[in-house]
Structure formats: C-alpha cells, structure tokens
Amino acid sequence: MRDLLSVVSHSVGIYGSAPTCYLSGLARMTGFEIDALDRAIEIDRSLVRVRAMRHSVYTFPHDQLVVALTATRREGVQMMKSASRSVGDAYFELATAVESALADAEGPLPSAEIREKVDSDKKFGGRFSLILARMAVECRVVRATNTGGWRSNRLTYARWADWLPDLDPFVLEEDDARRQLAEIYVSAYGPVELEDLRWWTGWTKTNALAAADELDLGMAGSAMRQLEGVRLLPVWDVLMVAYRNRDRLFDPEHARFIYDRMGNATSVVLDEGRVVGVWDLGRTDDPLMIQVAPLDQWPSRRWDKVEEQAQRIGEMIGASTVEVARIDEPVDLSEAPRNRFLSPLSN
C-alpha cells in the first residue's frame, strides 16, 4: 500500500483546500483517512500548505516544498504586491505586528484573532486578508491547522520560523529550483509538451525553456499509475490542471462540461485515465447523496465501480447511508453561473 507522503509526492502535491485535499488523497490511496492527512499537516508537519503553481494552494511534502516555493515565488510575490497595493506602505508595519502577535501566542491563530490584535478598528476592512496572503507568499507566515470539518477551510496561521524552524524556504537559487521543479513535473506527468510545463507553472516561455533544457519531455510519468481503474476526482484535482493540452484526458467536445469559463475544473469520473463523466458531492454528509452524469453511454461495469468509489467516500466520512443518483445530462459549465463548477449537478 502506498503511504501518504509517497502519494502526495507522486502527484507533485495535492490541492490544499478542503474537501478537495481529502478526496484527492482518497482517490489515490487505499486506506486513506482524513485524520492521517490532518496529522501530517498539523502534528508531524511533514506536509505543508502553501501557494505555488499559478498561485494555487497546494500541500507538499518537505522534499518538494522549498523547490516549488522558490520556483514560483517570483510570480506569487508580484501578484500579491499588486493585489495589496491599496494597503500601501502600511503593509510593512502591519506585517511586523502580525509576526509579533503570533510570536506572543501559545499556538497558531485564526485570521479573525490576528486581526483583532493588529487591526481592531478594522481600518483595512476586507483588505486585511491580503496582508496575510502576502506574508504567506513571502514565507513569513504559514497556513497551520484547520479548525473546521472535512468540508471547511477555517485555517489558522503561525510564523514560519515557529512552525517549520528547520526548513529554510530561501535555501535554493531560483534557476536551480525551476530546473528541479520541471524535472519533478515531467517525472510525474510525462509525456508532456513545453506548453504544458509553462501553463502548469505560470512561467514565461523563456523560463520554461530554460528549466526544461536537457529534460526528456517524452518520458512516462508516474502520477497516472495512482489512478488506475475508476476514480472520483474532486473539483480542482491536480490531474485536471496538470496539462494545457487536455486531449489526453477527454474528448475536446466535452470540455464545456468539465471546465467553466474561468478554467475551474469540476469533479469528474475518471476511468483508466480518461474523463467519462462528472459527479456532485452534494451538501450533506449523512445521508451522502452523490449525483453522477455520464458524458456518453456507460457499461454496467462502470456504474458498479462508481458505486464502489462512492461507498469509499461514505466510509471515509462515516456516513451510514450512501446513495448514487444517475443524472441524464451534465451541465454546460461554459454557460453556467459563477461557481457552478463546485456543485455541477445539484439544483
């Protein structure tokens, strides 16, 4: 049985937000448990949530964390400096105050408590979240624990120096980190094209070319071997954002059912590496009501496998009742309201 760190490593991280992180782990690992992932992040700290490729939140093991951070930091810092421009020079004073508040605390703090300590009069309004986001990109703070349930993202923050004292986020040179990340990516998702690497990382074409120099982009990767047979992948699963050219994953005419206008990937049914349908987690844990819409005609065998995977989700969350409802047609996400991809089949 694959261990959790190996599973996450072979995917070059998994998406960091709930419930995707748990569902992505379950899809790739026999015996996956929610508590195991939480312990790895919050107790062992062998996995860490950070923003990396295309400024998305990933969860990485230590041996990939600093590589991914360093290789994508420039783009992330630029983005957050632009986003927090309205805060102005006050950012530097506020960031210092946040670090002091966290240093004085007995443990990680939620953003609301941090704000109460450094911006109690709410002078910065909704802009305060940008301060924490920018500090995280700069590796001054880190997303620590999740105080909500398996569907929730009520995160706490800690100083990087307190949470990960033995992990220097600035030990690598940027060019070296880019080369390493490109190699890790190809070994996981190959064969790939240069445009896949450029899109996945968010780099310029020049940087992608330099990072991929001397790499064999045609080598066979290991990520798909974790997803043999039928699997239920959640929204934003890392496989669905790993390529710019997605013909290998589904027929082009099905793209409108899988991605919305902003490029967000919905939850999909995967069978031997091909997307064959979409599914919906529903809003309740017990009963767990999963809806499934095929993209074409399915054999009965596939429905049986989908039922098995739905039961695995139910077992993971402790649901006493799991029901799978068959939906005739998927929703055209290219014409759907914003965020419909999060629940593509529910009314």
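**Helices α4 and α7**

I looked up how α4 and α7 cross in this predicted model, and I noted that their crossing is left-handed. I then checked the geometry behind that entry: the axes of helix α4 (residues 62-83) and helix α7 (residues 128-137) come within 9 Å and cross at roughly 160°. Because angles over 145 degrees count as roughly antiparallel, I entered α4 as roughly antiparallel to α7.

Which residues make this contact? On the α4 side I listed Arg73, Gly76, Val77, Met80, Lys81 and Ala83, and these meet Leu130, Ala133, Arg134 and Val137 in α7. Sorted by character, the residues of the contact of α4 with α7 divide into 6 nonpolar, 1 polar and 3 charged.

**Ile313**

I turned next to Ile313, whose place is in helix α13 (residues 300-317). Is Ile313 buried or exposed? Its relative accessibility is 2%, and because buried means under 20%, I recorded Ile313 as buried.

Leaving aside residues up to four places away in sequence, I found that Ile313 touches Leu23, Leu26, Leu232, Trp279, Leu281, Leu288 and Ile290. I also looked up the separation of Ile313 from Tyr91, and the two are 222 residues apart in sequence and 43 Å apart in space, C-alpha to C-alpha.

**Cysteines**

I looked at two cysteines by the same cut-off of 20%: Cys21 counts as buried at 2% relative accessibility, and Cys139 counts as buried at 7%. How many disulfides are there? With a disulfide taken as a pair of cysteine sulfur atoms within 2.5 Å, I wrote down a count of 0 disulfides.

Conventions
Residues numbered from 1 in each chain as written. Predicted model: local features only at pLDDT ≥ 70, side-chain atom pairs only at ≥ 80, totals over all residues. Heavy atoms only, no water. Buried < 20%, exposed > 50% of the residue type's maximum accessible area, 1.4 Å probe, protein only. Helix = DSSP H or I, 4+ residues; strand = E, 2+ residues; numbered from the N terminus. Contact = heavy atoms within 4.5 Å. Axes fitted to C-alpha atoms, helices over the stretch in contact; angles between N-to-C directions. Parallel < 35°, antiparallel > 145°, perpendicular 65-115°, else oblique. Left-handed = near helix turned anticlockwise from the far one by under 90°. Nonpolar A, V, L, I, M, F, W, Y, C, P; charged D, E, K, R; others polar.
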